[in-house]
Amino acid sequence: MGIEFQKVMAGVGIAAFTGVNGIACLGDSMMSISSASLTSPPRLSYPDRGVLGWAAALSGQRVRFNHNLNFGVAGENIAQVMARVPSVIASGARLCVVNPGTNDLPAGTALATMKSGYLAGIMAL
């Protein structure tokens with residue numbers, strides 16, 4: 001899957017994913033920190049910058065993000081995260097980075113339940 005994704009990205013180019021309808025993120029706190037991190041002073045650790053902050057920093061700011069496309073909400077489980085898939089679709093984003101599940105593990109959610117919820121959301125995107 002990673003190789004196919006790289007081929008798609010190479011064919012489209014970074015410019016296609018920047019701006020108003022560029023890259024959306026969907027997930028729990030690991031995604032929600034991305035918006036705040038883009039306005040805070042640069043730090044070196046992953047949690048302080050978030051996925052989108054690191055993408056911007058490592059691309060030399062060539063990749064920019066619209067904060068309105070951050071669908072990350074701290075404390076949510078996979079079912080809650082995936083319930084926002086229609087909002088992501090309605091946003092018109094061209095790409096969505098999905099990262100849920102952090103809160104399901106400590107809650108004791110069965111792996112099969114996590115997997116089915118995640119796959120259903122991905123298929124809807």
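## Core and sheet, asked and answered

Visitor: Leaving aside neighbours within four places in sequence, what is Val85 in contact with in this predicted model?

Guide: Val85 touches Leu26, Gly121, Ala124 and Leu125. Contact requires heavy atoms within 4.5 Å, so these four residues each count as a contact of Val85.

Visitor: And what makes the largest nonpolar core a core?

Guide: The term asks for buried residues of nonpolar kinds, joined through side-chain atoms within 4.5 Å. Eleven residues make up this one: Ala24, Leu26, Leu69, Phe71, Ile78, Val81, Met82, Val85, Val88, Val98 and Met114. They are therefore buried, which means under 20% relative accessible area.

Visitor: Which elements give two or more residues to this core?

Guide: Strand E1 (23–27), helix H4 (78–82) and helix H5 (85–91) do. H4 gives the most, with three residues. Another core, of eight residues, lies apart from it, and includes Leu52, Val63, Phe65 and Leu95.

Visitor: Now the sheet: how do you know that E1 and E3 pair?

Guide: Pairing takes at least two bridges, and five join E1 to E3, so these parallel strands qualify as partners. Ala24, for its part, stands opposite Cys96 in E3.

Visitor: Why are E2 and E3 called edge strands?

Guide: The three strands form an open sheet in the order E2-E1-E3, with parallel pairing. Strand E2 (70–72) and strand E3 (95–99) each have a single partner strand, so one side of each has no neighbour in the sheet. From one strand to the next, the twist averages 15 degrees.

Terms used: Residues are numbered from 1 along each chain as its sequence is written. This is a predicted model: local features need pLDDT of at least 70, side-chain atom pairs count only at pLDDT 80 or more; totals for chains, interfaces and linings use all residues. Side-chain values use heavy atoms; hydrogens and water are left out. Buried means under 20% relative accessible area, exposed over 50%, partly exposed in between (1.4 Å probe, protein chains only). Helices (H or I, at least four residues) and strands (E, at least two) are DSSP runs, numbered from the N terminus. Axes are lines fitted to C-alpha atoms, for helices over the stretch in contact, and angles run from 0 to 180 degrees between N-to-C directions.
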